[in-house]
Amino acid sequence: MALIKSISGIRGTIGGKPGEGLSPVDVVKFAAAYGTWLLQQGSNNKVVIGRDGRISGPMVHGLVVNTLNALGIDVIDLGLTTTPTVEIAVPMEGAAGGIILTASHNPKEWNALKLLNEKGEFISGDDGAALLSIAEQESFQFAPVTKLGTTRSTDEYLQQHIDAILAYDLVDVEAIKARDFKVVVDAINSSGAVYVPALLKALGVEDIIVLNEEVNGQFAHNPEPLPEHLNEISTTVVKQNADLGIVVDPDVDRLCFVCEDGSMFGEEYTLVAVADYILSKRKGNTVSNMSSTKALKELTLKHGGQYFPSAVGEVNVVKKMKAENAVIGGEGNGGIIVPDFHYGRDALIGIALFLSHLAHSKKPISGLRKTYPDYFISKNKIELDPTLNVREIFEKIKDKYKAQPINTEDGLKIEFDNDWVHLRTSNTEPIIRIYSESDLESKANNIAHRIIADIKELM
């Protein structure tokens, strides 16, 4: 069992004892803490709620909605939806905040409360700390029966989100229609099964094949969109003679593509390709987290902009994007943030911009991929014993490689000539992530394996 409290929200495995997993007691406790914190801000008592297609979604949803109502908070319930849809709905509704019930790329036994402020953006670290303090002290004040909150259910935001994408000035619907794309979608038995085909049809894509389209939370494969989990769509794209494959995670904030020959476009290159398109239309700066490919930095400089790295985590990327006035940013895990659309990772606007770019290129998707450098990121992880002193291990690794350039802003990033390795604890799982990049896959793997061996020796 696991229960993790972080700037990414409250995340845990369903079941078990309170405090050890995401039990109903914990769901109510943290929903009450969030509602109490919002009421203390004094803006209004309206909150937008939505969930992905997880098995536990209806159960957790009922607990959260009723807890908020018990505090006197009115809920706008989007039901089955996506993370970015809730994010855009919060300011559209003039709400005080929002909660998305999703554990994103985590397996089916996980769920989470992702917490938003009145802008539809993830709450800050300081706000998160205040909320956790409220939860710890259980300083809740529930409303009397005459002042209970209400709940209004709505399904209008699927179309609202799509309409906003169609209205975005760099989305070229006519160019997409003209290419007459045949597309395979892996919807991973969640919200993408509803939202992605609806968007594609609105963009003029008529020939759509949807894999894993039953929204039942019984994920057909590990829901993290990594190459080793995408054999089915890779085979189907080739078999169906499709132009490309589109893969999203369960809450539709991560995005990657499969080429017409079944090869991976590479989730790191989702942001690179979209940034290339945007920077070709408007000059400006870019941001990605420091675990992302250096290809974005090279591309940005080529277009005459400046690149800025941030700590890992959407809230950190957004903060840096605002500080540096970035026109595009995101994370190398397929997370696209288009700031003048909204400050959140959004696979749906990402799909529309990528297809616009692909249509304009007049190339097959594999041809577009060949216009970008071939860097390889080796993504590895080590599961943690809760008693382990990770800081001590990082200090010893830092000392061992003290002759190399080192960045400690977010975990430990070590540079080796043109290569790098980044070690950090995850915000969402009890693991250490070890990412390394090089111009050769074997070199990237060797760097990662060397560091993993160092860590295991210290463990």
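Biologist: Which residue just after H1 takes a positive phi, and of about what value?
Modeller: This is a predicted model. Helix H1 covers residues 24-41. Just after H1, the residue with a positive phi is Gly42, at about 75°.

Biologist: What should the 18 residues of helix H1 span, and how far apart are its end C-alpha atoms?
Modeller: At 1.5 Å a residue, H1 should span 26 Å. The distance between its end C-alpha atoms agrees with that, because it comes to 26 Å.

Biologist: Which residues in H1 are buried?
Modeller: A residue is called buried when its relative accessible area is under 20%. In H1 this applies to Asp26, Val27, Phe30, Ala31, Ala32, Ala33, Tyr34, Gly35, Thr36, Trp37 and Leu38.

Biologist: What radius of gyration does the protein have, and what would a compact globule have with 459 residues?
Modeller: The C-alpha atoms fill a box of roughly 65 × 55 × 40 Å along the principal axes. A compact globule with 459 residues would have a radius of gyration near 23 Å. The protein agrees with that, at 22 Å.

Biologist: Of the 459 residues, what percentage count as buried?
Modeller: The accessible surface comes to about 18,100 Å², and carbon and sulfur atoms hold 48% of it. Among contacts with a separation of 6 or more, 68% are between residues 24 or more positions apart. The share of residues that count as buried is 60%.

Biologist: In what order do the four strands of the open sheet with mixed pairing stand?
Modeller: The protein has 15 helices and 20 strands. In the four-stranded sheet, E13 (307-310) and E15 (335-337) are the edge strands, each pairing on one side only. Neighbouring strands there are turned by 20° against each other on average, direction ignored. The order is E13-E12-E14-E15.

Biologist: Which residue in E14 does Ser288 stand opposite?
Modeller: Strand E12 (residues 285-289) and strand E14 (residues 326-331) run parallel and are joined by four bridges. Opposite Ser288, in E14, stands Gly330.

Biologist: Which helix lies across E12 and E13?
Modeller: The helix in question occupies residues 295-302. Its direction makes about 175° with that of E12. It is H10.

Biologist: Which strands stand at the edges of the five-stranded antiparallel sheet?
Modeller: The strands of this open sheet are ordered E16-E20-E19-E18-E17. An edge strand here has a single partner strand, so one of its sides is left without a neighbour in the sheet. The two are E16 (376-383) and E17 (406-407).

Biologist: Which residue in E19 stands opposite Glu415?
Modeller: Strand E18 (residues 412-416) pairs with strand E19 (residues 419-425) in the antiparallel sense, over five bridges. The residue opposite Glu415 is Trp420.

Biologist: Which helix packs on this sheet at about 160° to E19, and which lies across it at about 150° to E20?
Modeller: The helix of residues 390-400 touches E17, E18, E19 and E20 (431-438), with its direction at about 160° to that of E19. The helix of residues 441-458 lies across E16, E18, E19 and E20 and runs at about 150° to E20. The former is H14, the latter H15.

Biologist: How many of the five residues of strand E8 are buried?
Modeller: In a regular strand the side chains alternate between the two faces of the sheet. In E8, Lys182, Val184 and Asp186 are buried on one side, and Val183 and Val185 on the other. The strand is therefore largely enclosed by the rest of the structure, and the count is five of the five.

Biologist: What is the bridge partner of Asp186 in E9?
Modeller: E8 pairs with strand E9 (residues 207-211) in the parallel sense, over five bridges. In E9, the partner of Asp186 is Leu211.

Biologist: What phi does Ile188 have?
Modeller: Most residues other than glycine have a negative phi. Ile188 is in the loop between E8 and helix H7 (192-202), and counts as buried because its relative accessibility is 0%. Its phi is positive although it is not a glycine, at about 45°.

Biologist: Is Val145 buried or exposed?
Modeller: Val145 lies in the loop between helix H4 (125-137) and strand E7 (151-153). Its relative accessible area is 70%, and the cut-off is over 50%. Val145 is therefore exposed.

Key:
Residues numbered from 1 in each chain as written. Predicted model: local features only at pLDDT ≥ 70, side-chain atom pairs only at ≥ 80, totals over all residues. Heavy atoms only, no water. Expected span 1.5 Å × (residues − 1). Buried < 20%, exposed > 50% of the residue type's maximum accessible area, 1.4 Å probe, protein only. Pairing = 2+ DSSP bridges. Axes fitted to C-alpha atoms, helices over the stretch in contact; angles between N-to-C directions. Contact = heavy atoms within 4.5 Å. Rg over C-alpha atoms; globule rule 2.2 N^0.38 Å. Areas by Shrake-Rupley, 256 points an atom, 1.4 Å probe, with all protein chains shown as cover.
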